[in-house]
Amino acid sequence: RRSSAQPVGAVVFLGHGDAPVPTRGDKLRKRARAFEDRPRLTPAFADSNGRIVRMHPQDLVQMFKAHTRAHNPTDGTLDLVMLNACCTSELGRGLHETARVPCVVCW
């Protein structure tokens, strides 16, 4: 059980989840092996200039993993990720199972 004094961290993504996964170099393919049999889609972000930015799903999982209590007990505050975008169920599964985000909402 978590103390009510501990902050709850949440990330809400509203956007498109069906952008093609960016091509990766051979060195990076080993890290992405967990996603090999999964659809090759990822959420699309926009940079400060309005250009589309795509990240590999495994990179997103690793990024969120650093902020969960399970992997960072001292400073981790991430308890909820809401992916309000199509085609995000596989990413959501990775966030829950690999990054150990306790609550993930996706579709």
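Me: Which cysteine sulfur is closest to that of Cys87, and how far off is it?

Reply: The closest is the sulfur of Cys86, at 3.9 Å, which is too far for a bond. This is a predicted model, so local features need pLDDT of at least 70 and side-chain atom pairs count only at pLDDT 80 or more, while totals for chains, interfaces and linings use all residues. Residues are numbered from 1 along each chain as its sequence is written, and side-chain values use heavy atoms, with hydrogens and water left out.

Me: How many disulfides does the structure hold, then?

Reply: Zero. A disulfide here is a pair of cysteine sulfur atoms within 2.5 Å.

Me: Are Cys86 and Cys87 buried or exposed?

Reply: In between. Cys86 is partly exposed at 21% relative accessibility, and Cys87 is partly exposed at 41%. Buried means under 20% relative accessible area, exposed over 50%, and partly exposed in between, with a 1.4 Å probe and protein chains only.

Me: And Thr88, where is it and what does it touch?

Reply: Thr88 sits in the loop between strand 6 and helix 3. Helices (H or I, at least four residues) and strands (E, at least two) are DSSP runs, numbered from the N terminus. Thr88 is buried, with a relative accessible area of 1%. Leaving out residues up to four places away in sequence, Thr88 touches Gly17, Leu83, Cys106 and Trp107. Contact means heavy atoms within 4.5 Å.

Me: Moving on to helix 3. Which of its residues are buried?

Reply: In helix 3 (residues 89-97), they are Leu91, Gly92, Gly94 and Leu95. They are on the same side of the helix, because they cover an arc of only 160° around the axis. That arc is taken over the directions from the helix axis to the C-beta atoms.

Me: What covers that side?

Reply: The cover over the buried residues of helix 3 includes helix 2 (57-65), strand 6 (78-84) and strand 7 (103-105). Leu95 touches Leu60, Val61, Phe64, Val81, Leu83, Arg100, Val101 and Val104, not counting residues up to four places away in sequence.

Me: Which residues make up the largest nonpolar core?

Reply: Twelve residues do: Phe13, Leu60, Val61, Phe64, Leu78, Val81, Leu83, Ala85, Leu91, Leu95, Ala99 and Val101. Helix 2, strand 6 and helix 3 each supply at least two residues of this core. A nonpolar core is a set of buried Ala, Val, Leu, Ile, Met, Phe, Trp, Tyr and Cys residues joined through side-chain atoms within 4.5 Å.

Me: Sheet next. What is the strand order, and is the pairing parallel or antiparallel?

Reply: It is an open sheet of three strands in the order 1-6-7, with parallel pairing. Strand 1 (9-14) and strand 7 are the edge strands, each pairing on one side only. Two strands pair if DSSP finds at least two bridges between them. Strand 6 and strand 7 are joined by three bridges, and Met82 stands opposite Val105 in strand 7.

Me: How does helix 3 lie on the sheet?

Reply: Helix 3 packs on the sheet and touches strand 6 and strand 7, with its direction at about 175° to that of strand 6. Axes are lines fitted to C-alpha atoms, for helices over the stretch in contact, and angles run from 0 to 180 degrees between N-to-C directions.

Me: Last one. Where is Arg100, and what does it touch?

Reply: Arg100 is in the loop between helix 3 and strand 7, and is partly exposed at 47% relative accessible area. Arg100 touches Thr68, Ala70, His71 and Leu95, again not counting residues up to four places away in sequence. His71 is 29 residues from Arg100 in sequence and 8.0 Å from it in space, C-alpha to C-alpha.
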